[in-house]
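Biologist: I am new to this one. Show me the structure, and let me ask how you know what you say about it.

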Amino acid sequence: MQSHCFSRSRQPILNDMPRKPSHRCLTPRCRNDKAPRNNHCYACLKRQYRHRHKMRDAWQHLKDNSKRRGIFFDLTFEQFESFCVETEYLHKVGKSKMSYSVDRIIEEKGYTAGNLQALTLSDNSKKENERRRAKKTLIYDWTTRWATVTKSIITPLNESVI
Ligand SMILES: [Zn+2]
């Protein structure tokens with residue numbers, strides 16, 4: 001065909017090479033190799049799985065992050081699921097200040113059942129600021145000229161508890 005001849009003249013080297021079956025992942029712009037017996041690479045398959053199972057993804061995300069941040073995590077998927085259903089967490093999670101985030105009511109307890117509440121991101125950062133301020137109380141004794149840092153008790157934010 002004439003059109004074929006035209007393309008061959010434009011790209012002579014590519015067209016003369018023998019056609020090999022592609023080992024590349026089928027996702028557009030992904031340059032990884034395919035996983036065995038799959039059309040996509042491991043990274044894309046994982047992304048697809050997480051997109052299909054959003055609740056499990058959110059749970060795994062929380063688990064991974066708490067491990068990275070060194071926070072105690074003892075929450076089964078079923079417990080997290082009931083928390084999500086109660087608070088409609090998945091519908092309101094995001095990056096704006098009114099989006100929900102998972103908050104530990106008592107920070108030291110970590111992510112455990114019964115210690116979770118859904119706070120908006122702005123409320124959560126307010127709580128964190130409050131906590132930091134409470135932590136850094138400096139008491140200066142004029143008679144001995146010693147300054148001591150006291151750790152005051154954290155007061156829970158009652159008004160933002162949902
Ligand atoms: Zn891929």
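Biologist: This is a predicted model. Which residues of helix 7 are exposed?

Modeller: Glu 128, Asn 129, Arg 132 and Arg 133 are exposed. They lie on the other side of helix 7 from its buried residues.

Biologist: And which residues of helix 7 are buried?

Modeller: Asp 123, Asn 124 and Lys 127.

Biologist: What puts them on the same side of helix 7?

Modeller: The arc they cover around the axis is only 100°, and therefore they share one side of helix 7. In general, an α-helix has 3.6 residues a turn, so residues three or four places apart point the same way.

Biologist: Why does Asp 123 count as buried?

Modeller: The cut-off is 20 or more other C-beta atoms within 10 Å. Asp 123 has 21 such neighbours, so Asp 123 counts as buried.

Biologist: What do the buried residues of helix 7 pack against?

Modeller: Strand 2 (100-104) and strand 4 (116-120).

Biologist: How do you know the reach of helix 7 is close to the expected one?

Modeller: Helix 7 covers residues 121-135, which is 15 residues. From first C-alpha to last, helix 7 reaches 21 Å. At 1.5 Å a residue, 21 Å is expected.

Biologist: What makes up the largest nonpolar core?

Modeller: Eleven residues, among them Trp 59, Phe 80, Val 102 and Leu 116. Helix 5 (77-87), strand 2 and strand 4 each give two or more residues to this core. Strand 4 gives the most, with three.

Biologist: Which residues does Leu 116 contact, leaving aside neighbours within four places in sequence?

Modeller: Phe 83, Val 102, Arg 104 and Tyr 111.

Notes:
Residues are numbered from 1 along each chain as its sequence is written. This is a predicted model: local features need pLDDT of at least 70, side-chain atom pairs count only at pLDDT 80 or more; totals for chains, interfaces and linings use all residues. Helices (H or I, at least four residues) and strands (E, at least two) are DSSP runs, numbered from the N terminus. The expected span of a helix is 1.5 Å times one less than its number of residues. A residue is buried if 20 or more other C-beta atoms lie within 10 Å of its own, exposed if 12 or fewer, and partly exposed in between; C-beta atoms are placed from the backbone. The arc is that of the directions from the helix axis to the C-beta atoms. Two residues are in contact if their C-beta atoms, placed from the backbone, lie within 7 Å. A nonpolar core is a set of buried Ala, Val, Leu, Ile, Met, Phe, Trp, Tyr and Cys residues joined through C-beta atoms within 7 Å.
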